[in-house]
Amino acid sequence: METMEKIDVKQYFCKILREKKDLSAGIAAIETLLYVLENDKSATIQELDSNFKSTIETMKKTDVPVTAVASGCELFLRFITFVKLDYKTFEECKKVMLERGKVFMKKLLNAKGKIAKLASSFIADGSKILVHSKSRVVLKAMQHAVSLHKHFQVFVTNSSLDNSGEEMARELEKCGIHCTVILDSAVGYIMEQVDMVMVGAEGVVESGGIINKIGSFTMAICAKEMMKPFYVLTESFKFTRQYPLNQRDLPDEFKYTSTHLKTDLSKEHPLVDYTPPSYITLLFTDLGILTPSAVSDELIKLYL
């Protein structure tokens, strides 16, 4: 892509994030790829591929969480490019790719609703639930539970450094859910009072573990020690072909923003951590309710 096109891509991506607050960075990235596909002037598949790669790199440099952007874009490209060899002309091929891209986006937009229905069935009247940071899909599940006339209480971690838990609490309270914001350091104190933990995920790795907002691993350890179920709510487009064994195995681009990567990382706080599958009870996804051990099978199907 030319420099001007890169700037346009960045502006388009950031505009989606700014104007559509209910969309995650991963879905915004896929919507941007769809926009590029609709407006691209390439004459060959090779040129189009190159422009897709350039678009993805541009989006990764906008200081958003990269995990879901990387996995979502990879799955989107795999889904639409199955048609590459089936058509004689590039225009025919591009038309079918665009149709498949719109189908993929429609599935993504319906995913939260499916997950919400599955997870809300685990929320009983009188439940006390611990939530970490802000998660759109966890919020959706709780909104669905409220629509079923369930009454429950939620504790939300403040979630420094961006204090996103406070925003989550405000959204929950709009639904009439009794909500208390707690310090990140109060997780151990509050854990004995709750019935379950519900978190979202930035990414789901091949082992069935998750990459999520820093502090998720600490919460999972505490939940396991106190024998409380640790539930993960996540869309399947966040399934990524990573296999970390520990925190050091996470790629730096997942742990830090592009601005951080230009500085001395020894003085920066990571934005996410890795929670191994042994600490996760179940994953609620648009593919169904999965045990961590079932994730690898589903991931293989997605990337076939």
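These questions and answers walk through helix packing and two residues in a predicted model.

Trainee: At what angle do helix H2 and helix H4 pack, and which word describes that: parallel, perpendicular or oblique?

Mentor: Start with the two segments. H2 covers residues 25-39 and H4 covers residues 66-80. Their axes are 8 Å apart, and the packing angle is about 40°. Angles under 35 degrees count as roughly parallel and 65 to 115 as roughly perpendicular, so H2 is oblique to H4.

Trainee: Is the crossing of H2 and H4 left-handed or right-handed?

Mentor: Handedness is a separate property from the angle. For H2 and H4, the crossing is right-handed.

Trainee: Which residues make the contact, and how many of them are nonpolar?

Mentor: H2 contributes Ala25, Gly26, Ala29, Ile30, Leu33, Leu34 and Leu37. H4 contributes Ala68, Val69, Gly72, Cys73, Phe76, Leu77 and Ile80. Gly counts as polar, and the contact of H2 with H4 has 2 polar and no charged residues. The number of nonpolar residues is 12.

Trainee: Is Thr32 buried or exposed?

Mentor: First, place the residue: Thr32 is in helix H2. Its relative accessibility is 0%. The cut-off for buried is under 20%, so Thr32 counts as buried.

Trainee: What does Thr32 touch, and which backbone oxygen lies 2.8 Å from a polar atom of its side chain?

Mentor: Leave out residues up to four places away in sequence. Thr32 then touches Val9, Tyr12, Phe13, Ile16, Thr55 and Met59. The backbone oxygen at 2.8 Å from the side chain of Thr32 belongs to Ala28.

Trainee: Is Ser147 buried, partly exposed or exposed?

Mentor: Ser147 lies in helix H6, residues 136-147. Its relative accessible area is 45%. Buried needs under 20% and exposed needs over 50%, so Ser147 is partly exposed.

Trainee: Which backbone oxygen does the side chain of Ser147 reach, and how many Å separate the C-alpha atoms of Ser147 and Ile30?

Mentor: The side chain of Ser147 reaches the backbone oxygen of His144 at 2.5 Å. Ile30 is 117 residues away along the chain from Ser147. Their C-alpha atoms are separated by 30 Å.

Trainee: Where do H3 and H5 meet, and how many nonpolar residues does that contact have?

Mentor: The axes of H3 (residues 45-60) and H5 (residues 90-120) come within 11 Å and cross at roughly 35°. Ile45, Leu48 and Phe52 in H3 meet Phe90, Cys93 and Met97 in H5. No polar and no charged residues take part, and the nonpolar count is 6.

Methods:
Residues are numbered from 1 along each chain as its sequence is written. This is a predicted model: local features need pLDDT of at least 70, side-chain atom pairs count only at pLDDT 80 or more; totals for chains, interfaces and linings use all residues. Side-chain values use heavy atoms; hydrogens and water are left out. Axes are lines fitted to C-alpha atoms, for helices over the stretch in contact, and angles run from 0 to 180 degrees between N-to-C directions. Helices (H or I, at least four residues) and strands (E, at least two) are DSSP runs, numbered from the N terminus. Angles under 35 degrees count as roughly parallel, over 145 as roughly antiparallel, 65 to 115 as roughly perpendicular and the rest as oblique. A crossing is left-handed if the near helix is turned anticlockwise from the far one by less than a right angle, and right-handed if clockwise. Contact means heavy atoms within 4.5 Å. Buried means under 20% relative accessible area, exposed over 50%, partly exposed in between (1.4 Å probe, protein chains only). A polar contact is a pair of N or O atoms within 3.5 Å; within protein, one must be able to donate a hydrogen and the other to accept it, and residues adjacent in sequence count only if both atoms are side-chain atoms.
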